[in-house]
Protein chains: 2
Amino acid sequence: MNRAAAEQLDVNDPLRAMRERFELPESVVYLDGNSLGALPRRVVDAVARTVKDDWGAGLVRSWNGADWIGLPSRVGALIAPLIGAQPDQVIACDSTTINIHKLVSAATQLRPGRDVFVCERTNFPSDSYAVHRIAATYGATVLEADADDMLDVIEQAGSRLAVVELTHVHYKTGRMHDMRAVTDTTHRHGGLTVWDLAHSAGAVPVELDACGADFALGCGYKFLNGGPGAPAFAYVADRHLANVENVLPGWMGHAQPFDFTHTYTAAPDIRRMLTGTPYVLSMVALEAALLDWADVDINAVRAKSIALSELFIDLVAELDHHGFGLASPRNAALRGSQVSLTHPEGYAIMQALIDRGVIGDFRAPDILRFGLTPLYTRFVDVWDACDALGDVMRDQTWNDERYQTRKAVT
Amino acid sequence: MNRAAAEQLDVNDPLRAMRERFELPESVVYLDGNSLGALPRRVVDAVARTVKDDWGAGLVRSWNGADWIGLPSRVGALIAPLIGAQPDQVIACDSTTINIHKLVSAATQLRPGRDVFVCERTNFPSDSYAVHRIAATYGATVLEADADDMLDVIEQAGSRLAVVELTHVHYKTGRMHDMRAVTDTTHRHGGLTVWDLAHSAGAVPVELDACGADFALGCGYKFLNGGPGAPAFAYVADRHLANVENVLPGWMGHAQPFDFTHTYTAAPDIRRMLTGTPYVLSMVALEAALLDWADVDINAVRAKSIALSELFIDLVAELDHHGFGLASPRNAALRGSQVSLTHPEGYAIMQALIDRGVIGDFRAPDILRFGLTPLYTRFVDVWDACDALGDVMRDQTWNDERYQTRKAVT
């Protein structure tokens, strides 16, 4: 393998034209789309138009005129096909963490008399914090499993099982759970699943309906490219909707919000998961970003993602002697759209890489994460990143005080 | 009074230069800043820069480089002086409704063994929905008072009183509670106050610290002009902070978010009220809008607000014979920065007015709201609005089918 061969892979890439849809700085190899997706060009105009025309000139009339009121449903419907859901089962609202609270609480209430939650020991912090807090509210016990013994722990909960809350693709390692197997096992014991798709939506094919999933939520600003702090989304399977309570009721989730009635009557559809007023500017950016997905085949994205990550892993294998470990599964079928390495000097190595324009990120204590986002990541980017990584190790660039100093955000 | 006299009032207005800071369409008299504030000119560039430079070019590095991570605290500190708080007692996050849930829950937990909430019978729906939902969680009773018997009902709750949750300025009528009297009475019985400042912040002087308030929250998109669906804010009095639990814990409220630790340890400061990732684009718009407040004297705003509303009420008095009632208090000291009228044909009348470029809004069943926002509302706007209202009534313009048809957002 050499750089020319990587360039040839890009020439043959059926998704190569997609990169033109994004604004990407020339000097950067961006491998952090799993943290913050790159800027889709069409977002620039969409946001500017919303600010100047819809807010500035339309003013409050734009709730109707620009259909701001329809944003949560409209954006949800755009996300639905990427996660194997029907358009009316998904709504965009609030943050990922708030939606974890909403959906785990909703699921818990559908399983009265059951008092065991199962989640992953190394889940993303928000997932853990929410699950433990809700367990305290309902007097439930949390069983924490490792990825390998997940099905066993679910079995162990047995007839006490209420809810299994899992991040489908692990934020640190990229390890992917078998959604169908987990859902089947959960259902066999009468429990319900809540899937966090933060690292799945737009990254890997997800089949919520086909797997019989109950609830799901995810993030708008990672692989969906909705912009920093983009609103999140929530999915509720049709069969549960009529019985689902939003424990954070607010005026936007009411059946008739503009009647301003004193008593809460939940909207009959997925809008019952809404709470407050939608974050219009952030939501409009997410909507524009999602329009870029309309003609994208998620299976083509997956195929390229695997090819990119296999190339990455192969090239890093040649740097083994510098002390790198592979934190991600070696088997592509078990891996999302990222490659994570371990190294005791991971933090400083990543800072040195970023300083060279190769942007990934670091997760304590020792993980270097590299996100592979097939809409704009090229094979030559993977080559250049690994080349830079080799240089940083060979020259010990990382061994410099300025790279050791922790920043506010790592 | 005539139009020329109104023009002269504008000439003598010490705040007249402020209007230049806003983008306002020529053809419009905008009296709905209590629903959605107008667009501050500086927001246009701030948002465009954030999208293109910070997101597009800076990418994930902007969490440090553009200090996105500091946004919630920075925006909170800009709001603090407008509500009589210290900068480190206020944080910007989530929606108004979510913050009602957070703060009423937090207050409730500080008063274990007490099981009565007091709120206003005609409170904004989100306030009512949240208070009743939280009451159900904690097994509490909700006493609903009218504005006039608020202190009596608080007295009545006596030693069972846990929390008084009130919107300081009523969303429909503009009636303003006496924050000091309510707080004193609440404290005398050992309860805590949660103030919803949605229609107060930027509209009237608020003295949270001086009144001894416990908790408060409010809206970013009304008088603060932060844009459609701007994030909200939350205030926690210093003396409570160490004991306050955020019942919606998430990674951003952790003491060390980037350690990604499994166990939740709340941030020692107001950041413990954070849950998920900040909505950066929406938050940046709000931040820019707040910079316009730096040199504004809220007492000057209040003086002009009263002058505008007195003029409005006087001019409408001449239209009495058309069946208008005054829903707002006649006494300016009891009124926020809006004038609300009643009329059985209120909906159609408002649509006819909007069609003429005079923008207020309607609240069921019969209220026409007119917001007075001294930074950009002129005396001549009030004159023109009342003139148009007179025309609409005299010509019965409202009595047309197209004005009777309800829109999605009223």
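Before we start, one term: a residue is called buried when its relative accessible area is under 20%, exposed when over 50%, and partly exposed in between. The structure used in these exercises is a predicted model.

**Exercise 1. A strand of chain B**

Work out which way the side chains of β10(B) point, and whether they are buried or exposed.

Solution.
- Step 1. Sort the residues by direction: B:Ala232, B:Ala234 and B:Val236 point one way from β10(B), while B:Phe233 and B:Tyr235 point the other way.
- Step 2. Check each group against the cut-off of under 20%. Both groups turn out to be buried.
- Step 3. Draw the conclusion. Strand β10 of chain B, residues 232-236, has 5 of its 5 residues buried, so it is largely enclosed by the rest of the structure.
- Step 4. Look for its strand partners. Strand β4 of chain B (residues 90-93) runs antiparallel to β10(B), and 4 bridges join the two. B:Val90 sits opposite B:Tyr235 of β10(B).
- Step 5. Add strand β9 of chain B (residues 215-218), which is also antiparallel to β10(B) and pairs with it over 4 bridges. Here B:Phe215 has B:Val236 as its bridge partner.

**Exercise 2. A strand of chain A and its hairpin**

Find which strands pair with β15(A), and how many bridges each pairing has.

Solution.
- Step 1. Begin with strand β12 of chain A (residues 338-342): it pairs with β15(A) in the antiparallel sense, over 5 bridges. Within this pairing, A:Val339 stands opposite A:Phe370.
- Step 2. Turn to β14(A), which is antiparallel to β15(A) and joined to it by 3 bridges. A:Asp361 has A:Arg369 as its bridge partner.
- Step 3. Follow the chain between β14(A) and β15(A): a hairpin of 3 residues makes the connection.
- Step 4. Inspect the two faces of β15(A). A:Ile367, A:Arg369 and A:Gly371 lie on one side, A:Leu368 and A:Phe370 on the other, and all are buried. With 5 of 5 residues buried, β15(A) is therefore largely enclosed by the rest of the structure.

**Exercise 3. Backbone details**

Locate the cis peptide bonds that lead into A:Pro365 and B:Pro365, then examine the positive phi values of A:Asn225 and B:Asp67.

Solution.
- Step 1. In chain A, the bond from A:Ala364 to A:Pro365 is cis, with omega near 5°. A:Pro365 belongs to the loop between β14 (361-363) and β15 (367-371) of chain A.
- Step 2. In chain B, the bond from B:Ala364 to B:Pro365 is cis, with omega near 0°. B:Pro365 is placed in the loop between β14 (361-363) and β15 (367-371) of chain B.
- Step 3. A:Asn225 is not a glycine, yet its phi is positive, near 65°. Its loop runs between β9 (215-218) and β10 (232-236) of chain A. Because its relative accessibility is 2%, A:Asn225 counts as buried.
- Step 4. B:Asp67, another residue other than glycine, has a positive phi near 50°. Look for B:Asp67 in the loop between α3 (62-65) and α4 (71-79) of chain B. Its relative accessible area is 33%, so B:Asp67 is partly exposed.

**Exercise 4. Where the chains meet**

Describe the interface of chain B and chain A by its contacts, its buried area and its salt bridges.

Solution.
- Step 1. Note the confidence. The predictor gives the complex an ipTM of 0.97 and a pTM of 0.98. Chain A has a mean pLDDT of 97.
- Step 2. Count the residues: 82 of chain B are in contact with 82 of chain A.
- Step 3. Consider the area. The size of an interface is often given as the accessible area lost when the parts come together. Between chain B and chain A about 6900 Å² is buried, with 70% of it from carbon and sulfur atoms. On the chain B side, B:Trp55, B:Tyr129 and B:Phe260 lose the most area to chain A, together 12% of what that side buries.
- Step 4. Turn to the polar side. There are 2 salt bridges between the chains. One of them links B:Arg133 to A:Glu245, with the closest N and O atoms 2.5 Å apart. The elements of chain B that each supply at least two residues to the side touching chain A include α2 (41-57) and α6 (125-138).
- Step 5. Finish with one residue, A:Ser128 in helix α6 of chain A. A:Ser128 counts as buried because its relative accessibility is 1%. Beyond its neighbours within four places in sequence, its contacts are A:Glu120, A:Asn123 and B:His262.

Key: Residues are numbered from 1 along each chain as its sequence is written. Chains are lettered from A and ligands numbered from 1 in the order in which they are written. This is a predicted model: local features need pLDDT of at least 70, side-chain atom pairs count only at pLDDT 80 or more; totals for chains, interfaces and linings use all residues. Side-chain values use heavy atoms; hydrogens and water are left out. pLDDT is the predictor's confidence in each residue, from 0 to 100. Buried means under 20% relative accessible area, exposed over 50%, partly exposed in between (1.4 Å probe, protein chains only). Two strands pair if DSSP finds at least two bridges between them. Contact means heavy atoms within 4.5 Å. Buried area is the accessible area (1.4 Å probe) that two parts lose on being put together, summed over both. A salt bridge is a side-chain nitrogen of Lys or Arg within 4 Å of a carboxyl oxygen of Asp or Glu.
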